Amino acid sequence: MSMARDRVKILIVIVVLAAVALVVPHATSFIILLATRALAFSILVMSLDLLLGFTGLASLGQAAYLGVGAYLTAILAARYQVGLGYDFWLVVALGMFGAAALAALFGLLATRATGVYFLMITLALGQCVWGLAYRWNSLTGGDNGINLQHRPKFGIDLANPVTFFYVVFGFFAVSLLVLYTIMRSPFGRSLVGIREREPRMKILGYNTWLHKYLAFIIAGAFGGLSGVLWAHTAGIVSPENVVLTTSVDALLMAVLGGAGTLVGGVIGAGVVLFIREYLSTLVHWWQYVLGGVYVLVILYLPGGLMSIPERIRQWRTAPTKSVAGENLAATPH
Amino acid sequence: MTLPCRERGRARSRAKISRDTLSIQSLLTWAKLQAKASRGKGTEAVDTRFWLIQAFNGISYGALLFLVGSGLSLIFGVMRIVNLSHGSYFLLGGYVALSVIWTTGSWLLAIPVAAVTVALIGLVMERVFLRPLGFDPLRQVLLTVGFAFLFQQAALDIWTGNPFDINPPAALTQTIVVGGLHLPLYRIFMIGVALFIGLTLWLVMEKTRLGATIRATVDDAEMARGVGIDTSYISMLIFALGAFLAALGGVIGGAFLGVYPGLDFEMLPIAFAVVIIGGMGSLGGAAIGALIVGLADNFGKALLPEVSYFTLYAPMALILAVKPTGLFGRE
């Protein structure tokens, strides 16, 4: 039953993604840019979902890994002309590796904490990276950031918006596939076990710390990939990319789409970027819409937008009072 | 991401920083000139002077941070809520004060009006939106962010995106000379306010029945409920008090930080650094945390400008990893 339903879900995702890949290139250049941004950023959101939705760790510093990937790309391209040809793939690998290395370092501190403390320690670590990006002028260009003049060119020219869209789409699809595979593996299943009840997993003999640590590093690596793509998408890398609000954005997008669903991330990213970049050109009160959407979803739709079909089905099949999801989590001390 | 209001905030903060560095640079050049002038006498007097002024600036900044941090700390201690709209309270306090000053011209009146208004906003937010969520940290955190965005837009609509300064009465803008050092009276006033608030809070917390029930709720909310303490009422009270203190900080800090879009999310992580270093739910911890962050921020910017924020947040992360309850947190 659930296998069949899973198959249907996978099929729907594939069909929708294929539709996006086919339709978007025929839209206006603005829509293409918007879709490219949403896809690049949603890799970060998915990496966060690995921690939030599957492991139960809400990180407020995920932008740090996007920052590592983006700054690495920008510094290599602007100063050393590296990563503008076939060596783009080298930069992709370096960005992922660099972000994973930072995550390996930060993870040593962060994975000791849980719940609200994890939230705050990741906030502090994220602010460390922001502080360096903001003030270390000689390396990062300070508040002005670093401009990227050219996109890579190797056989194909990424300066072409449609080509670039397909490249980012490809990276997104592969990331989704890899993350999905990880989640379906025994490793991913144990992560969910940790989210549900960590002490029990410990008693069963799982090294829960190592699981969380590895999840943290994997999330970091994909954050780095998102950063490499974001740098070329935006054409500029500045402290704005690593500031607290960017981390908060990623977290909200993950929850908005639906934590623990992976593809929810791209929906969340799409909705938020649409409101922020498209609606903001039409009306000046767009931020009320954004804030309102957040507040309403959190209050009335804890499962995010992805849970709407489920909600409708519940509402149609069982009008009886469902057991309210009372949270029995103990107060952390 | 292109964000009109953030852009403006950034432009403003850029101006702010250049002003900061300017004052530091002028201080340094002044110190060097003095050193040249008094080469015969040695540079020690100048060095101590530089250190004293920096320490004084750090302490007075710490006084402001105490106002913001103590509220955040109490809210976390009592409710276990990570309140990400605390920076917004700070900013709203400054804005409401500006409106009061524009209409009545009274700076003295602006302080209580702004603080009480924002306290009411906090009270409504807690009662209507946070309370129904029950204990669910993640949703609470996200909800406070949602509100931070709403407040940001509301502030932009009501008070435009222009940066403002709150001008205190002329009597407070003078400088006084203590031991050969020129000290701005306003910064001394800030220290005074923080001391007054800190003492009042301490007396209430330690000497009154209400204070005892608050402390009991911080230590163990479940037990407190068990012995008949209305923890829901305490939560409401503390949330409003936290908003009150943040807004007070916003008014008082408005004179030297300014009031501008983006200040909310600039203040928020600094307030968290105060709370985390000091320990959540502890008043004394908030005071010491504020002092440490105030001094670290000032000396960091003066001595190691390139890594100044790093030197602020890295200790915060380390402390959290080693002792999550903070240096002086209640276990």
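Modeller: Quick definition before we start: a helix's expected span is 1.5 Å times one less than its number of residues. Helices here are DSSP runs (H or I, at least four residues), numbered from the N terminus. We're looking at a predicted model, where local features need pLDDT of at least 70, side-chain atom pairs count only at pLDDT 80 or more, and totals for chains, interfaces and linings use all residues. Residues are numbered from 1 along each chain as its sequence is written, with chains lettered from A and ligands numbered from 1 in the order in which they are written.

Biologist: OK, how far does helix H13 of chain A reach from its first C-alpha to its last?

Modeller: H13(A) covers residues 286-300, which is 15 residues. Its reach is close to the expected span, and that reach is 21 Å.

Biologist: Within what arc do the buried residues of H13(A) fall?

Modeller: Buried means 20 or more other C-beta atoms within 10 Å of a residue's own, exposed means 12 or fewer, and partly exposed is in between, with C-beta atoms placed from the backbone. Gln287(A), Leu290(A) and Tyr294(A) are among the buried ones, while Leu296(A) and Tyr300(A) on the other side are exposed. The arc uses directions from the helix axis to the C-beta atoms. The buried residues line one face of the helix, because seen down the axis they fall within an arc of 135°.

Biologist: Which helix of chain B helps cover those buried residues?

Modeller: Contact means C-beta atoms, placed from the backbone, within 7 Å. The cover includes H11 (244-257) and H12 (263-282) of chain A, together with a helix of chain B, H5.

Terms used: Helices (H or I, at least four residues) and strands (E, at least two) are DSSP runs, numbered from the N terminus. Two residues are in contact if their C-beta atoms, placed from the backbone, lie within 7 Å.
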